[in-house]
Amino acid sequence: MELLQLKYFQKVAQSENISKTARELYITPSALSMTISRLEKEIGVKLFTRGGNYITLNEAGRIFYRYACSILGDAEAAVKDVQPPVNQEVNLLTTSPNVWTDLVISFREKKPDVVISQKFIYLDMLSQNVLRNTGDFLLASPLDFETRVAYSSYPLYTDDYPMLMAWKGHPALSLKSTTMAALKNERFIALTSGMSSRKYFDILCEAAGIQPKIIMEVDYAMRERLVKEKCGVAVLTGRSRKNYLSNEVGYVPITDPFIPRQQYIYWDSKKNAGLAAEKFLDFAKNYFVPLDDFNAIK
């Protein structure tokens, strides 16, 4: 069995399409099919259920896929460990990129020799193998996961809380706090489905027993602009509001339901962390300070 066979198997398992994978690998479909068939013959069991040009992993294939990803990840890590460092790099995966800007900037100021690579991922991209081949760390909320994950983790902060963003002059801004139930008739500017912050908003609405009137689904930047233009209101958190600097919007805490927004850093302890990754982990663990108003709002 060769690593090339495992790499081809991994690619086919992910795409479920022989022709598409062959084009990406710059080989012929017949050569790719032959490689997969030879791998199955060596193992002594079929790994795919075939149907035309599309193939899907069977039960044996799904088990073998997990091991193949682990082997390929370890092989890549081994190569990196023995090569002389050209530069130091940390690869970050994030489900809420807007809340990590200050952390990344501050780390770069302390460690200018380290290159930061950050990739935003939607929640449907989360899996048990998301860190195996694509990143050193995942910055995410525990609410992002449907099931418990096997990664090592550390809570970066657990004291974030929901807030209403509204245009200046909106009646809610005259209050010290509000509730999701009191906002049931508001028009909401929501983030796109599949984003971490949107899932948090959906959880708040469900806990309050309301069906929100969502008039638009947008990205972070457009959300603030639409609120400023009085198109609707939005829900964000106490820690993320500092990313919005317009004097034409205001904020008020949402105290019911009070569901804190936690953010963790996750990593795969089976991977050999490089020196740059160790530096980032140590820095992140000590970066965030408690919010002064959290306990008062709680």
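1. Start with E40. This residue is buried, with a relative accessible area of 3%. Buried means under 20% relative accessible area, exposed means over 50%, and partly exposed lies in between (1.4 Å probe, protein chains only). The model is predicted: local features need pLDDT of at least 70, side-chain atom pairs count only at pLDDT 80 or more, and totals for chains, interfaces and linings use all residues. Residues are numbered from 1 along each chain as its sequence is written, and side-chain values use heavy atoms, with hydrogens and water left out.

2. What does E40 meet in a salt bridge? The side chain of K46 is the partner, at 4.0 Å from N to O. A salt bridge here is a side-chain nitrogen of Lys or Arg within 4 Å of a carboxyl oxygen of Asp or Glu. K46 counts as exposed, at 52% relative accessibility. R50 belongs here too: E40, K46 and R50 are linked in a network of salt bridges. Across the whole structure, a search finds 10 salt bridges.

3. Next, a pair inside a helix. R62 and E59 meet through their side chains in a salt bridge, at 2.9 Å from N to O. Both sit in helix 4 (residues 59-82); they are 3 residues apart, so about one helical turn separates them. Helices (H or I, at least four residues) and strands (E, at least two) are DSSP runs, numbered from the N terminus. R62 counts as partly exposed, at 41% relative accessibility.

4. Now a pair between two elements. E146 forms a salt bridge with K199, and their closest N and O atoms are 3.2 Å apart. E146 lies in the loop between strand 5 and strand 6, while K199 lies in helix 7 (residues 196-208), so the pair ties together parts that are 53 residues apart in sequence. Is each partner buried or exposed? E146 is exposed, at 70% relative accessibility. K199 is buried, with a relative accessible area of 18%.

5. Turn to the sheets. One open sheet has 5 strands in the order 4-3-5-13-6, with mixed pairing. Strand 4 (114-120) and strand 6 (152-160) stand at the edges; each has a single partner strand, so one side of each is left without a neighbour in the sheet. Neighbouring strands of this sheet are turned by 20° against each other on average, direction ignored. Two strands pair if DSSP finds at least two bridges between them. Axes are lines fitted to C-alpha atoms, for helices over the stretch in contact, and angles run from 0 to 180 degrees between N-to-C directions.

6. Look at one edge of that sheet. Strand 3 (residues 88-94) runs parallel to strand 4, and 7 bridges join the two. For L93, the bridge partner in strand 4 is K119. Helix 5 (residues 101-110) packs on the sheet and touches strand 3 and strand 4; its direction makes about 165° with that of strand 4. Contact means heavy atoms within 4.5 Å.

7. Stay with helix 5. S106 has its place in this helix. At 18% relative accessibility, S106 counts as buried. Which residues does S106 contact, leaving aside its neighbours within four places in sequence? They are F283 and Y287.

8. Strand 5 (residues 137-140) holds A140. This residue counts as buried, at 0% relative accessibility. Leaving aside neighbours within four places in sequence, A140 is in contact with T95, W100, F145, Q262, Q263, Y264 and Y266. P29 makes a useful reference point: A140 and P29 are 111 residues apart in sequence and 38 Å apart in space, C-alpha to C-alpha.

9. There is another open sheet to trace. Its 4 strands have the order 8-12-7-11, with mixed pairing. Strand 8 and strand 11 (234-237) stand at the edges; each has a single partner strand, so one side of each lacks a neighbour in the sheet.

10. Follow the pairing around strand 12. Strand 7 (residues 162-167) pairs with strand 12 (residues 249-256) in the antiparallel sense, over 5 bridges. There, L164 has V252 of strand 12 as its bridge partner. Strand 8 (residues 178-179) runs parallel to strand 12, with 2 bridges joining them. T178 has I254 of strand 12 as its bridge partner.

11. Finish with the helix on this sheet. Helix 8 (residues 220-228) lies across strand 7, strand 11 and strand 12. How does helix 8 run relative to strand 7? The angle is about 50°.
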